[in-house]
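Here is a quick tour for someone who would rather look at a fold than read about methods. Keep the viewer open and follow along.

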Amino acid sequence: MDNVLIVNHTDELTRVAVLEGGVLSEVQLEAAQERRIVGNIYKGRVMRVLPGMNAAFVDVGLDRTGFLYAYDVAGSRAPGDEDADDNGVGLAPERPDRNDVRIETLVREGQEIVVQIAKEPMGSKGARLTSNVTLPGVLAVLLPTVDHVGVSRRVDDPEERARLRAAGQAAVSPGVGVILRTVAEGRPAQEIGAEVQVLQRMWEQIRSGAQALDAPALLHEDMTLLLRSARDLICRQMDRLVIDSEAGHREGENFDKRFLPSFAGRIEYYDGAQPIFERYGIEYEIARAVQRKVWLKSGGYIVIERTEAFTSIDVNSGKFTGKSDPEETIVKTNLEAAKEIAYQLRLRNIGGIIVIDFIDMKERENRHQVRDMLAGELRHDFARTRVLPMSDLGLMEMTRKRVTDSIVARLTEPCFYCEGKGYLKSPEMICHSLFAKIAKEMAGQRTRELHVHASPKIVQTLMENYRPSLERMERKYRKSIVLKERETFHLEQFEVFGET
């Protein structure tokens, strides 16, 4: 089946789904009032330099200051590997030695600096910044601050890699770098050079703006999700792009006619009566993507839990009991789970540290087999991943590059009722707390009646299980207790007050 890019576009919200062979592999969404800021370039002001963290806080005009690590300051590092991914990532290690270079030697408080958003603000953390700016085009990514020419690691042919590298070197100005993207494979050198020149003129405009404006100021805003999809996701060997908006269809066609003429004829307008995400079965998959439990075809299941520090994934055999050999049954479940986990990580856009608790296996060879299955499936993922060997306890640690919030974080919010804990106090525990409050009030207040207001479930529990205790308290303090149900009360909420 085709690889198709499905775009549901309205004035308020744009949603993009990637179907690979008819299977949903990625979902991205962007609200009009909440434009993504990754890729935006700002002129910022250094507010604090923190040697202990080897980083600085920079005000770029957002709600929270962003943080700039020493290794992300332009000129602080040499170019890295020749190969990189399509977005220019890969020029340096993900976790460089923090003692290589010191932040206090690179920036000072009050200094104005041009920076780019590398990661969105997440939770209480501000955006991660870099002054190693990248400007992505369709065929190439310009690296204005890094003197390096590279080719996407997804281009395999050595001769084509050499041709693309030569085309890139001929196109850029001295001291400027470029990464040739996968989609540049087979494209004429003149076409590559023309796009690089456009990107270099864009960088000159950004530099001019930086000289004219006072910090903090926005110098360059990245494209909308619709155009980013036309620019970036087409690199992933998409066969068609289907859009359900006339305006969006025109916008996408105009963009590709200008930057990638060979693809323009494959942009389709969808005007069916059935909503486009329902037509392609995407709504159902999105609903599955926010559930904790994911069932496997064998009858086993995985449970995905997000915490502040990492994501944990637990593998369970569930209804799958196999036929004879328990070890064989466990290995089959773990192999199926490894494949599903790789799919769910990409679909949900889960990033950061991930710990997977596979079912314990006795044979070391079986552990290697499961690890190889997971690593092999992750090769289809365009986000950078690193998988460690499985421990003797059956735990596997891995990382996946995180740039934006996961799909679960975007589509859900913590329960206002349990405050995100995922659990509530038991009615018995609430009643014990309530009794302590009643005893304190009855002993201290000069009232004839004590009124207790609580949720219906708590009042019912008091009447059914604690009536003798209430009566003993009434006799002891010679006061009556009046219970009243309050429909609007949280389960854990109650009020105790006296009335004369």
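## Strands, rings and a pocket

Let's start in the middle of a run of strands: β5 and strand β6 (residues 66-69) pair in the antiparallel sense, with four bridges between them. Before going on, note that this is a predicted model, where local features need pLDDT of at least 70, side-chain atom pairs count only at pLDDT 80 or more, and totals for chains, interfaces and linings use all residues. Residues are numbered from 1 along each chain as its sequence is written, and side-chain values use heavy atoms, with hydrogens and water left out.

Some vocabulary: strands (E, at least two residues) and helices (H or I, at least four) are DSSP runs numbered from the N terminus, and two strands pair if DSSP finds at least two bridges between them. Buried means under 20% relative accessible area, exposed means over 50%, and partly exposed is in between (1.4 Å probe, protein chains only).

Back to β5 and β6: alanine 55 stands opposite tyrosine 69 in β6. Six residues sit between the two strands of this hairpin, where glycine 61 takes a positive phi near 95 degrees. Strand β5 (residues 55-59) is largely enclosed by the rest of the structure, because four of its five residues are buried. β5 also pairs with strand β4 (residues 41-50), again in the antiparallel sense, over five bridges. Valine 46 has valine 58 in β5 as its bridge partner. That hairpin has four residues between the strands, and asparagine 54 takes a positive phi near 55 degrees there.

Strand β1 tells a similar story of cover. Six of the seven residues of β1 (residues 3-9) are buried. Here are its two partners:

| Partner of β1 | Direction | Bridges | Opposite residues |
|---|---|---|---|
| β2 (residues 13-20) | antiparallel | seven | asparagine 3 and glutamate 20 |
| β15 (residues 240-243) | parallel | four | isoleucine 6 and valine 242 |

β1 and β2 form a hairpin with three residues between them.

Now for the rings. Three aromatic pairs turn up in a search of the whole structure. The rings of phenylalanine 67 and tyrosine 69 have centres 5.4 Å apart and planes at 75 degrees, so this pair is edge-to-face. For reference, rings of Phe, Tyr and Trp (its six-membered ring) pair if their centres lie within 6.5 Å, with planes under 30 degrees apart called stacked, over 60 edge-to-face and the rest tilted. Phenylalanine 67 counts as buried at 18% relative accessibility, while tyrosine 69 counts as partly exposed at 24%.

Charges sit over rings too, meaning NZ of Lys or CZ of Arg is within 6 Å of the ring centre and within 35 degrees of the ring normal. Arginine 279 lies over the face of tyrosine 280, 4.9 Å from the ring centre. The charged end of lysine 293 is over the ring of tyrosine 301, at 4.4 Å from its centre.

Finally, helix α8 (residues 326-348) has 23 residues and reaches 32 Å from its first C-alpha to its last, close to the expected 33 Å; that expected span is 1.5 Å times one less than the number of residues. Just after α8, asparagine 349 takes a positive phi of about 55 degrees.
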